[in-house]
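Visitor: Before we discuss individual labels, could you show me the sequence and the structure, and then explain what each label rests on?

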Amino acid sequence: MSLNNFYFKDFSFFSLWSFLLCSALSVWTPVQGEVVVIGSNLPIIAAPGDDVILPCHLEPMFDVQGLTVEWSKPDLKPDPSDRLSRVEYVHLYRDRKEVPDMKMASYFRRTELFMDAMKHGNISLKILNVSEEDNGRYRCFIPKLRSRAKSAIVELVVDSNFAKTSTTETPLQTPDPQDTTPTNAGRSRVAVVVVVVTLLLLLALTGFTAYFSRHIFHRTLKKHPENDKTEKQPLPV
């Protein structure tokens with residue numbers, strides 16, 4: 001192997017590591033600055049007749065009073081007779097107020113947002129007097145949020161065997177609507193960040209170590225070319 005070939009491979013190796021590191025950082029960094037919608041990893045369990053709160057908030061804290069907030073049941077299919085394939089909402093907040101005309105009849109006068117808490121990014125939904133018909137997955141969605149995570153899913157389980165709670169209190173499985181402390185999803189995201197940053201540092205350290213090792217070896221060959229065993233020997237005459 002000639003010194004020129006060695007230098008070319010050394011440069012290519014270093015460039016590859018630099019490209020991978022810069023690419024990973026360019027993809028990951030913008031996500032860290034985004035506001036994301038976070039729901040609950042655990043189902044909300046209640047007894048028939050309970051008032052429940054489906055937790056959903058933005059992290060970091062972000063004022064959503066001027067944005068549209070949609071709560072829907074994603075597993076429901078639109079009415080086949082509706083040519084526009086519209087899906088009614090469990091709760092719709094638009095232009096700083098509730099829009100009751102577009103919500104499902106079964107939730108009429110049974111849902112509400114915490115208006116004062118919305119300036120802190122709290123878009124949790126309160127449902128009054130739940131029944132087993134309310135079982136299922138709920139989706140909180142902010143369509144105009146500039147983020148890759150505009151929505152979150154919260155599951156509600158209404159079980160007649162579950163101990164009845166007072167309607168003046170929040171069920172034990174539901175966090176306080178005023179609590180803006182990050183949920184398990186937030187902690188999981190922090191753990192992912194730590195793992196990714198650690199891997200990037202290890203990749204960078206490995207790349208730089210290999211580069212400098214090759215660089216030192218290259219300098220040694222320049223000082224002592226007789227040590228380069230890979231150079232081709234001249235053919236005997």
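Guide: Let us begin with confidence: over residues 166-188 the pLDDT stays under 50, and for this stretch the model has 36 contacts beyond four places in sequence. This is a predicted model, and where pLDDT is low, the predicted coordinates should not be read in detail.

Visitor: What is the confidence of the chain as a whole, and where is it lowest and highest?

Guide: The mean pLDDT of the chain is 75, with 58% of its residues reaching 70 or more. Confidence is lowest in helix H1, residues 3-32, at a mean of 47, and highest in E9, at 98. Over residues 21-30 the pLDDT is below 50, and this stretch has 10 contacts in the model beyond near neighbours in sequence.

Visitor: Why is Thr68 called buried?

Guide: Buried means under 20% relative accessible area, and Thr68, at 13% relative accessibility, therefore counts as buried. Thr68 lies in the loop between strand E4 (57-59) and strand E5 (69-72), and, leaving aside residues up to four places away in sequence, Thr68 touches Leu92, Tyr93, Arg94, Phe141, Ile142 and Pro143.

Visitor: What makes Arg96 exposed?

Guide: The word exposed is used for over 50% relative accessible area, and Arg96 has 54%, so Arg96 is exposed. The residue sits in the loop between strand E6 (91-94) and strand E7 (97-98). Not counting residues up to four places away in sequence, Arg96 touches Gln65, Gly66 and Met115; Arg96 and Met115 are 19 residues apart in sequence and 8.9 Å apart in space, C-alpha to C-alpha.

Visitor: Why is Asp95 called exposed, and what is its phi?

Guide: With a relative accessible area of 63%, set against the cut-off of over 50%, Asp95 is exposed. Asp95 lies in the loop between E6 and E7, and its phi is near 55°, a positive value in a residue other than glycine. Asn129, in the loop between E9 and E10, has a positive phi of about 50° although Asn129 is not a glycine.

Visitor: How do you know that the side chains along strand E11 alternate?

Guide: In a regular strand the side chains alternate between the two faces of the sheet. Along E11, residues 151-158, Ala152, Val154, Leu156 and Val158 point to one face and are buried, while Ser151, Ile153, Glu155 and Val157 point to the other face and are not buried.

Visitor: How do you know that E11 pairs with E2 and with E10?

Guide: Two strands pair if there are at least two bridges between them. Strand E2, residues 44-46, has 3 bridges with E11 in the parallel sense, and in E11 the bridge partner of Ile44 is Leu156. Strand E10, residues 136-141, has 6 bridges with E11 in the antiparallel sense, and here Phe141 has Ser151 as its bridge partner in E11.

Visitor: What makes E3 and E8 edge strands?

Guide: The sheet in question is an open one of 3 strands in the order E3-E9-E8, with antiparallel pairing. Strand E3 (52-54) and strand E8 (111-113) each have a single partner strand, so one side of each is left without a neighbour in the sheet, and both stand at its edges. Neighbouring strands of this sheet are turned by 25° against each other on average, direction ignored. E8 and strand E9, residues 125-127, pair in the antiparallel sense over 3 bridges, with Leu113 standing opposite Leu125 in E9.

Visitor: How do you know that a disulfide joins Cys56 to Cys140, and why is it called right-handed?

Guide: The sulfur atoms must be within 2.5 Å, and the S to S distance of Cys56 and Cys140 is 2.0 Å, which fits a disulfide. The torsion about the S-S bond of this pair is about 65°, so the disulfide is right-handed. The pair links distant parts of the chain, with Cys56 in the loop between E3 and E4 and Cys140 in strand E10, 84 residues apart. Cys56 is buried, and Cys140 is buried as well. The structure holds 1 disulfide.

Visitor: Which residues does a cis peptide bond join?

Guide: The cis peptide bond joins Glu59 and Pro60, with omega at about -5°, and Pro60 is found in the loop between E4 and E5.

Key
Residues are numbered from 1 along each chain as its sequence is written. This is a predicted model: local features need pLDDT of at least 70, side-chain atom pairs count only at pLDDT 80 or more; totals for chains, interfaces and linings use all residues. Side-chain values use heavy atoms; hydrogens and water are left out. Helices (H or I, at least four residues) and strands (E, at least two) are DSSP runs, numbered from the N terminus. Buried means under 20% relative accessible area, exposed over 50%, partly exposed in between (1.4 Å probe, protein chains only). Contact means heavy atoms within 4.5 Å. Axes are lines fitted to C-alpha atoms, for helices over the stretch in contact, and angles run from 0 to 180 degrees between N-to-C directions. pLDDT is the predictor's confidence in each residue, from 0 to 100.
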